[in-house]
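Work through the following exercises with the sequence and the model side by side. Each task is followed by a solution that goes step by step.

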Protein chains: 2
Amino acid sequence: MIVIGELINGMFKDVARAIDNREVDVIQHLAEDQVKAGAQVLDVNTGPYSKNPVDDMKWLVEAIQKTVSVPLALDSTKPEVIEEGLKLVSKRAIINSTSADEEKMSRIFGLAKEYNAQVIGLAMDRSGVPNSKDKRLELAAAIVAKAMEYGINTEDLFLDPIVLPVNVAQTQGHEVIESLREFRMLCDPAPNTTIGLSNVSQGTKYRSLVNRTFLTMAIANGLTSAILDPLDKELMDAMITAELILNKNIYCDSFLDAYRKK
Amino acid sequence: MIVIGELINGMFKDVARAIDNREVDVIQHLAEDQVKAGAQVLDVNTGPYSKNPVDDMKWLVEAIQKTVSVPLALDSTKPEVIEEGLKLVSKRAIINSTSADEEKMSRIFGLAKEYNAQVIGLAMDRSGVPNSKDKRLELAAAIVAKAMEYGINTEDLFLDPIVLPVNVAQTQGHEVIESLREFRMLCDPAPNTTIGLSNVSQGTKYRSLVNRTFLTMAIANGLTSAILDPLDKELMDAMITAELILNKNIYCDSFLDAYRKK
């Protein structure tokens with residue numbers, strides 16, 4: 001599992017304030033804490049209230065790269081914000097994200113090719129998030145086809161079936177889990193898969209329990225990465241254990257510590 | 001999920017002593033506690049050290065039925081022990097278990113027919129536990145075929161792929177999880193599935209974590225019942241949440257309490 005840390009996101013009040021005030025230490029601590037906790041990639045999102053997302057993205061990328069050396073997932077709905085980030089990254093980046101919309105895919109896969117980036121592809125289009133596995137699969141297949149057209153390796157795609165909150169879209173959990181399983185069979189080499197995990201527990205009372213339960217169920221069905229809160233220790237324990245059960249890490253009695261020391 | 005409480009089993013020292021000394025209250029408390037915690041069925045096993053398993057089984061069944069009214073899973077390798085239990089049960093019982101061995105199946109399905117019992121079918125035969133999904137599927141199919149021969153409804157079968165400890169058989173977790181998914185497609189109506197959950201964590205350091213992680217992964221792939229420790233609250237929380245995610249219970253903010261009050 002590739003753990004993508006979700007915490008550097010301007011939708012969180014503290015982060016939005018740190019971006020506005022250019023508080024380097026707040027962002028750098030968030031970067032360091034997530035990497036220490038097991039994040040292999042850091043998501044970077046200026047947030048919905050950013051007045052100057054291009055400048056904010058540039059500042060964030062530079063601030064983060066001064067203290068940690070993991071790859072970044074440049075997270076924005078605006079291709080020009082992503083592009084400014086791509087110009088600055090020192091490691092191969094992940095673009096977060098394209099949808100299956102034609103115009104969007106052309107722009108994003110063009111950037112991916114130009115800057116040698118990986119891409120998260122959301123199984124949605126202009127008509128919104130599908131409510132069935134079959135529609136998700138259709139959109140994911142369109143993303144795979146377009147990526148191939150641009151000469152992008154399918155392993156460099158992270159297909160995302162789009163997780164919805166269980167309290168408002170309860171029928172969708174099963175559709176998402178089954179979609180992950182089928183996404184992996186869309187092409188060879190198999191694409192990576194990802195989810196924005198925390199969305200599943202949005203507005204629920206037992207957020208961590210819902211998150212970690214969903215995560216292990218998804219891992220059992222082909223999830224290869226997730227955007228999540230790596231500081232949630234119980235979540236990370238569940239993830240490590242799920243991977244152990246699937247024989248992805250070698251068993252030892254202290255397998256939790258062993259994973260974290262890696 | 002049908003929760004089968006595992007705690008009335010003579011392999012546990014306290015239970016073995018209670019059976020030997022005919023300590024009714026020890027057994028009845030175990031029965032009551034498990035039912036209160038959410039067990040819908042209680043497994044009853046005289047244990048490996050019972051000198052007189054037929055008498056012990058009869059005593060256990062009577063002691064348990066005086067205080068709770070849930071069905072029992074009569075758990076013994078000896079058909080004559082199961083039969084004496086079947087004569088006494090007040091609710092429809094589950095026979096735990098038959099293997100795919102011809103002689104064993106004939107005897108057990110004969111009993112199931114005679115006493116209108118459900119049956120747990122283990123995907124193993126005289127040569128032992130298979131080490132692949134395909135072999136498990138072959139044995140499960142043989143069990144289904146034999147059950148049909150005896151006129152037993154396939155929904156009254158609980159197919160068990162046999163969980164092995166992750167610390168000694170680490171490749172088998174994935175095989176078991178995938179077996180569960182395929183067992184459900186063996187016939188229509190789909191058979192039930194079950195596992196002896198605690199076996200997966202035998203000898204490991206983080207038993208509860210390993211158990212609950214495995215359980216949610218299995219539920220995501222077609223597990224419809226499990227023999228487990230219902231007094232492990234975190235395990236039950238994980239199970240309830242996994243079922244919520246699969247839309248088997250209706251969401252409400254206090255979904256854990258709501259499940260338990262049912």
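A residue is called buried when its relative accessible area is under 20%, exposed when that area is over 50%, and partly exposed in between, computed with a 1.4 Å probe on protein chains only. This is a predicted model, in which local features need pLDDT of at least 70 and side-chain atom pairs count only at pLDDT 80 or more, while totals for chains, interfaces and linings use all residues. Residues are numbered from 1 along each chain as its sequence is written, chains are lettered from A and ligands numbered from 1 in the order in which they are written, and side-chain values use heavy atoms, with hydrogens and water left out.

**Exercise 1.** Determine which residues of α2(B) are buried, and what covers them.

*Solution.* Helices (H or I, at least four residues) and strands (E, at least two) are DSSP runs numbered from the N terminus. The buried residues of α2(B) are then Ile27(B), Gln28(B), Leu30(B), Ala31(B) and Gln34(B). Because they cover an arc of only 155° around the axis, they lie on the same side of α2(B), the arc being that of the directions from the helix axis to the C-beta atoms. An α-helix has 3.6 residues a turn, so residues three or four places apart point the same way. Their cover includes β1 (2–5), α1 (13–20), β2 (41–44) and α3 (53–65) of chain B, where contact means heavy atoms within 4.5 Å.

**Exercise 2.** Describe the surroundings of Asn167(B), starting from the loop in which Asn167(B) lies.

*Solution.* Asn167(B) sits in the loop between β6 (157–160) and α7 (172–183) of chain B, and is partly exposed, with a relative accessible area of 26%. Leaving aside residues up to four places away in sequence, Asn167(B) touches Tyr251(A), Gln202(B), Gly203(B) and Thr204(B). Its side chain reaches the backbone oxygen of Gln202(B) at 3.3 Å and that of Gly203(B) at 3.4 Å.

**Exercise 3.** Characterise the interface between chain B and chain A, beginning with how many residues are in contact.

*Solution.* On the chain B side 37 residues are in contact with 37 residues of chain A. The two chains bury about 3,200 Å² between them, 64% of it on carbon and sulfur atoms; buried area is the accessible area (1.4 Å probe) that two parts lose on being put together, summed over both. In chain B, Gln170(B), Ile245(B) and Tyr251(B) lose the most area to chain A, together 22% of what that side buries. There are 2 salt bridges between the chains, a salt bridge being a side-chain nitrogen of Lys or Arg within 4 Å of a carboxyl oxygen of Asp or Glu. In a salt bridge, the side chains of Glu178(B) and Arg181(A) meet at 2.9 Å, N to O.

Conventions: Polar contact = N/O pair within 3.5 Å; in protein donor to acceptor, adjacent residues only side chain to side chain.
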